[in-house]
Amino acid sequence: MQNKILTLFFILSMGFCFSVKAADQSIQPPVNEETLKVCSNLDMYADFAVDGRDSAMPKEIAFNMVKASMNRHLKIPANLLSEYITVVGKIYELIYADQTIKRGATQAAIVDACSHYKGQNADTRYITNYLERNPRSAWDPLKRVPLCENVAQSASNIAVARNKGMSLENVTVLVKDGLQNDPLTLRVMPKITTEVFENPDVNTTYIYVHNLKKCMALERNEKYAELAELKPRLRSCEKLKVEEEKRQCELKIFGI
């Protein structure tokens, strides 16, 4: 477990940053960007806490091991690091005190802990909504990505499973199980799963791009073509004899 922690801390230290962009004071959100950044980078520690608790490792030993790794590997100002460690310590307290908290289902503990970052009493509803709109990535669960990015990643994963010969029924079960703690992504996946299987000739790249653009359009309350509506145009591309012309034709359809 210790080697796993050290490896993941090295990865995290490469990409974690507390830089805060200047905000328009006229539209200042109820929770500041620095706090949201902290809240978005706690999933790994929460998972470690669950692992430590479930392996019967004493809370103090498990947390101190993580604390030492944070001090060694996170290259952020000392005052911010101290506050960050305090939040992680709170997560360990909450998770060790509640045996019902499972790996991957730690968001309530994360929100509770990070809402008190730097002694705040931040709006937990706003933080919860923010995390749900920026779920853990389907490609890299150590990261959080915007909802539409995750929808597209999940759709691409379904296309990969389809191409490997998995059945619609099996993939449907896997999607439901894998996204049970990500309700916003899960909400749109049944339709996407069916659509991916109904269009076996549409490759993973196009599936990804189509679902990313479609999701973003729907967020703007705009209509976006279904894959079935694109099929006549795709068939026109298939009639082209030069492979590069065919590829360019498909790229144009998907707006790439």
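Helix axes whose angle is neither under 35 degrees, nor over 145, nor 65 to 115 count as oblique. That convention serves the opening stop of this tour, which is made through a predicted model.

**Stop 1: helices 6 and 7**

Select residues 107-114, which form helix 6, together with residues 124-133, which form helix 7. The two axes come within 10 Å and cross at roughly 130°; helix 6 and helix 7 are therefore oblique to each other. Viewed as a crossing, helix 6 passes helix 7 in the right-handed sense.

Next, display the side chains at the contact. From helix 6, show Gln107, Ile110, Val111 and Cys114, which meet Thr124, Ile127, Thr128, Leu131 and Glu132 of helix 7. Coloured by class, this contact shows five nonpolar, three polar and one charged residues.

**Stop 2: helices 3 and 5**

Move to helix 3, residues 43-54, and add helix 5, residues 78-97. Their axes lie 9 Å apart, and the packing angle is about 40°. That angle makes helix 3 oblique to helix 5. The crossing of this pair is right-handed.

For the helix 3 side of the contact, select Tyr45, Ala46, Phe48, Ala49, Val50, Gly52 and Arg53. The helix 5 side consists of Tyr84, Val88, Ile91, Tyr92, Ile95 and Tyr96. By class, the contact of helix 3 with helix 5 holds 11 nonpolar residues, one polar and one charged.

**Stop 3: helices 9 and 10**

Now select residues 168-178 for helix 9 and residues 183-198 for helix 10. Here the axes are 10 Å apart, and the helices pack at an angle of about 160°. Helix 9 is therefore roughly antiparallel to helix 10. Their crossing is right-handed.

Which residues of helix 9 meet helix 10? Show Leu168, Val171, Thr172, Val175 and Lys176, and opposite them in helix 10 show Leu186, Met189, Thr193, Thr194 and Phe197. The contact of helix 9 with helix 10 comprises six nonpolar, three polar and one charged residues.

**Stop 4: the largest pocket**

Keep helix 9 in view and turn to the largest pocket, which holds about 780 Å³ of space. To locate its centre, select Arg136, Ser137, Ala138, Gly178 and Leu179, the closest to that point among the 36 lining residues.

Then widen the selection to the elements that each give two or more residues to the lining: helix 1 (2-15), helix 3, helix 6, helix 7, helix 8 (147-163), helix 9 and helix 10. Which element supplies the largest share of the lining? Helix 9 does, with five residues.

Finally, colour the lining of the pocket by residue class. The lining divides into 17 nonpolar, nine polar and 10 charged residues.

Note on methods: Residues numbered from 1 in each chain as written. Predicted model: local features only at pLDDT ≥ 70, side-chain atom pairs only at ≥ 80, totals over all residues. Heavy atoms only, no water. Axes fitted to C-alpha atoms, helices over the stretch in contact; angles between N-to-C directions. Helix = DSSP H or I, 4+ residues; strand = E, 2+ residues; numbered from the N terminus. Left-handed = near helix turned anticlockwise from the far one by under 90°. Contact = heavy atoms within 4.5 Å. Nonpolar A, V, L, I, M, F, W, Y, C, P; charged D, E, K, R; others polar. 1 Å grid on protein atoms, 1.4 Å probe; cavity = no way out; pocket = protein on both sides within 12 Å on 5 of 7 lines; lining within 4 Å. Points joined across faces, edges and corners; volume = space filled by probe spheres on them.
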